[in-house]
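Me: Please give me a close look at the sheet in this predicted model. I should like to see how its strands pair and what packs around them.

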Amino acid sequence: MSDREWSELVQQELSRKLGDQGKAEIHRLTGNNGKIRDVVCILTRGERMTPVIDLQPYYEQLNRGEDLQAVAQQIFLLYQSCGQPPANLPSLDTWEEAKLCLGARIISAGENEKYLEDAPHRRFLDLALVYYLLVEDGADFTGTVRITNEMMEKWQVCEKDIYEQSLWNLPKMLPVAVMCLDEMMKKLWQLGTGGMIPGEAPEQSIFFDKESSSKDNRIPVYVVTNKRQYMGAIALFYEGVLDRFLEDMDWEKVWILPSSIHEMLLVQADDWNDAGKLAEMVEDVNETVVEKEDRLSYSVYQYSREERILRRVTGKEEKVIQIFGLDCAAIS
């Protein structure tokens with residue numbers, strides 16, 4: 001049975017459970033990098049927000065022969081476990097309320113041309129900065145709401161207003177976290193997982209003593225993300241983060257590897273001078289480890305503390321942009 005046929009049956013079963021208390025709707029969404037996925041939204045009376053539940057794991061269960069009613073019950077229980085929408089849900093109607101929750105993330109520009117058609121954004125190198133509203137309930141992360149051109153027009157603001165406000169908010173809402181990759185992986189294995197997952201970053205100092213990372217002959221690699229390790233690649237470009245990191249580590253140049261939309265990896269340029277090999281590593285990781293929706297770029301970047309210039313390197317191609325945090329006038 002096809003996913004579309006399963007989705008209709010799941011919708012019918014959920015609607016039967018809800019009765020006249022609400023309804024279930026199936027939507028096909030285009031995510032980051034063109035990833036298509038079916039989701040279900042369960043709408044009850046008076047709700048301003050409802051969870052968006054990915055159906056792919058449930059299609060897999062159904063294709064393995066699991067009972068439709070049992071799978072629908074799992075979805076319904078997941079919906080109930082999400083609880084009520086947060087009381088401090090930001091209003092989408094006014095700029096004065098919405099701007100307090102504005103954030104931004106970086107995505108691949110080339111892989112998201114259709115997405116960018118309907119969204120205020122800012123391009124730099126092969127990347128694009130896009131915006132969202134961060135919805136939180138106390139200390140618990142709840143979700144994001146994508147900013148569209150229609151919303152920008154409704155607020156009667158321009159992209160520059162959204163850009164400046166989101167870059168002001170981000171370091172406070174989602175502070176930068178920098179950690180040694182070895183230490184991070186060790187902590188994740190201790191938690192029972194072998195890969196990087198969204199969640200709280202390990203409790204470590206933001207900047208590190210370089211001696212702690214050089215206990216053997218391996219080249220130290222650092223991870224830059226935000227405290228939640230969610231859409232945290234942009235944290236590398238918070239004002240002053242790159243310069244402060246290089247100063248603390250006493251590095252003049254650094255290679256920047258786009259691990260995913262959630263984090264960046266840093267390697268001292270003096271320890272590695274083969275950009276082509278690094279680009280091959282990035283490509284291999286993208287193709288074998290990183291989910292399509294989480295891929296950021298196939299390029300490698302280098303930043304010079306003295307020149308304050310960010311270079312993009314992909315194969316023999318090299319593009320240069322001056323960068324002083326993301327509020328650089330050269331980014332357009």
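Reply: The pairing of β1 with strand β2 (residues 36-44) is antiparallel and runs over nine bridges. Within this ladder, I26 has V40 of β2 as its bridge partner, and L29 stands opposite R37 in β2. The two strands form a hairpin with five residues between them. In the turn of that hairpin, N33 has a positive phi of about 60 degrees.

Side chains also link the two strands. R28 and D38 meet in a salt bridge, with 2.7 Å from N to O. Because R28 belongs to strand β1 and D38 to strand β2, the pair ties together parts that are 10 residues apart in sequence. In the model as a whole, the count of salt bridges comes to 17.

The hairpin belongs to an open sheet of three strands, in the order β1-β2-β3, with antiparallel pairing. Its edge strands are β1 (22-30) and β3 (52-54), each of which pairs on one side only. On average, and with direction ignored, neighbouring strands of the sheet are turned by 30 degrees against each other.

Helices pack against this sheet. Helix α1 touches β1 and β2, and its direction makes about 155 degrees with that of β1. Helix α2 (residues 56-63) lies across β2 and β3 and runs at about 40 degrees to β3.

The two helices that lie on the sheet also meet each other. The axes of α1 and α2 come within 10 Å and cross at roughly 100 degrees, which means that α1 is roughly perpendicular to α2. In this contact, D3, W6, S7 and V10 in α1 meet Q56, Y59, L62 and N63 in α2. The residues of the contact of α1 with α2 comprise four nonpolar, three polar and one charged.

A further helix, α3, packs with both of these helices. The axes of helix α1 (residues 3-18) and helix α3 (residues 68-81) come within 9 Å and cross at roughly 65 degrees. At this angle α1 is therefore roughly perpendicular to α3. The crossing of α1 past α3 is right-handed. From α1, the contact draws on L9, V10, E13, L14, R16, K17 and L18, and from α3 on L68, Q69, A72, Q73, I75 and F76. Eight of the residues in the contact of α1 with α3 are nonpolar, two are polar and three are charged. V10 of α1 is thus named both in the contact with α2 and in the contact with α3.

The axes of α2 and α3 come within 10 Å and cross at roughly 160 degrees, so α2 is roughly antiparallel to α3. Here too, α2 passes α3 in a right-handed crossing. Y58, Q61 and L62 of α2 make this contact with L68, V71, Q74, I75 and L78 of α3. By class, the residues of the contact of α2 with α3 are six nonpolar, two polar and no charged. L62 of α2 takes part in this contact and is also listed in the contact with α1. On the side of α3, L68 and I75 appear in the contact with α1 and again in the contact with α2.

To return to the sheet, its strands are ordered β1-β2-β3, with α1 touching β1 and β2 and α2 lying across β2 and β3.

Technical notes: Residues numbered from 1 in each chain as written. Predicted model: local features only at pLDDT ≥ 70, side-chain atom pairs only at ≥ 80, totals over all residues. Heavy atoms only, no water. Axes fitted to C-alpha atoms, helices over the stretch in contact; angles between N-to-C directions. Helix = DSSP H or I, 4+ residues; strand = E, 2+ residues; numbered from the N terminus. Parallel < 35°, antiparallel > 145°, perpendicular 65-115°, else oblique. Left-handed = near helix turned anticlockwise from the far one by under 90°. Contact = heavy atoms within 4.5 Å. Nonpolar A, V, L, I, M, F, W, Y, C, P; charged D, E, K, R; others polar. Pairing = 2+ DSSP bridges. Salt bridge = Lys/Arg side-chain N within 4 Å of Asp/Glu carboxyl O.
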